[in-house]
Amino acid sequence: MRPQIVLFGDSLTAQSFGSGGWGAALADTYSRKADVVVRGYGGYNSRWALFLLHHIFPLVCADIPKPPIVVTIFFGANDAAILGRTSERQHVPLEEFKNNLKKMVNHLKECSPTTLVILITPPPVDEEGRNEYARSLYGDEARELPERTNEVTGLYATQCLELAKEMGLLAIDLWSKLQETEGWQKKFLRDGLHLTPEGNAIVHQELEKVLNETSVSAAKLPLDFPHHSKIDGKNPEKAFEYLSL
């Protein structure tokens, strides 16, 4: 059985296997070395995700003999929805958001102390892009104020990074990274919030940087079965003798 890498998050994770998605790119990086499993739930915040935790990562399960080698936790974009605006039901207060992430990490460590947990901050928000998207859907009936702002989302990103520091975890500061590029609003975000293929590429790039510094980098993991160059055309069974041991 190949090792598993589980991607846990909201729509930014759920969409990661779409065209140009960061999850699909990661699966390609780990081809024949680890299976990348997507557990993304569009619209979910960290509070709702806690209800899924024991189902996705059971403490004891005969059907899952090995825990994942890596789990990414990618929440905050929905938690940062602003009270009093159209998406307020998704809002989670800052302190609770941080505590929810901590509960996720503690549960994963209880499942397996060796699992590498990587926190990813929410990306920045292009407020005008969110308004443009709303107008494209609802026309004159669209809301006047964005349901998320970049400033507030940045506070959630900071909480994520602070928790990573406190718990000794690896983290990707996507909120800051995307804003390093001029014109990031349209280059990396297709509707002011969700990632373009270029934005997905940055997530994959940053995740690979982190993983390459660990013992579970793609370069350090073995292939699941022999490379074709190791198979003798006249005596192929020799390459597979180890499987019967």
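Two aromatic rings of Phe, Tyr or Trp are treated as a pair if their centres lie within 6.5 Å, and planes over 60 degrees apart make the pair edge-to-face. In this predicted model, such ring pairs link F8, F57 and F75 into a cluster. Across the whole structure, a search finds 6 aromatic pairs.

One of these pairs is formed by F8 and F75. Their ring centres are 5.1 Å apart and their planes stand at 80°, so this pair is edge-to-face. The two residues come from distant parts of the chain: F8 belongs to strand β1, whereas F75 sits in the loop between β3 and α5, and 67 residues separate them. Both F8 and F75 are buried.

A second pair brings together Y44 and W48. Here the ring centres are 6.1 Å apart and the planes meet at 85°, so the arrangement is again edge-to-face. The surroundings may be described through accessibility. Y44 has a relative accessibility of 27% and therefore counts as partly exposed; W48, with a relative accessible area of 24%, is also partly exposed.

From the rings the reader may turn to the nonpolar interior. The largest nonpolar core holds 32 residues, and those touching the most other members are I5, W22, L26, Y30, V70, I118 and L211. Two or more residues of this core are supplied by each of β1, α2, β3, β4, α8, α9 and α10. The largest share, 5 residues, comes from α10.

I118 offers a view of how this core is assembled. With its neighbours within four places in sequence left aside, I118 is in contact with V70, V71, T72, I73, L170, I172, L207, V210 and L211. Apart from this core lies another, of 25 residues, which includes F8, F57, A80 and L108. F8 and F57 have already appeared above, in the cluster of linked rings with F75.

The last element to consider is helix α10, which spans residues 197-211. It has 15 residues and reaches 21 Å from its first C-alpha to its last, close to the 21 Å expected at 1.5 Å a residue. Which residues of α10 are buried? They are G199, N200, I202, V203, H204, E206, L207, V210 and L211. In an α-helix there are 3.6 residues a turn, so residues three or four places apart point the same way. The buried residues of α10 pack against α2, β3, β4, β5, α8 and α9. Among them, L207, V210 and L211 are contacts of I118, and L211 is one of the core residues that touch the most other members.

Notes: Residues numbered from 1 in each chain as written. Predicted model: local features only at pLDDT ≥ 70, side-chain atom pairs only at ≥ 80, totals over all residues. Heavy atoms only, no water. Core = buried A, V, L, I, M, F, W, Y, C linked by side-chain atoms within 4.5 Å. Buried < 20%, exposed > 50% of the residue type's maximum accessible area, 1.4 Å probe, protein only. Helix = DSSP H or I, 4+ residues; strand = E, 2+ residues; numbered from the N terminus. Contact = heavy atoms within 4.5 Å. Phe/Tyr/Trp six-rings, centres within 6.5 Å; stacked < 30°, edge-to-face > 60°. Expected span 1.5 Å × (residues − 1).
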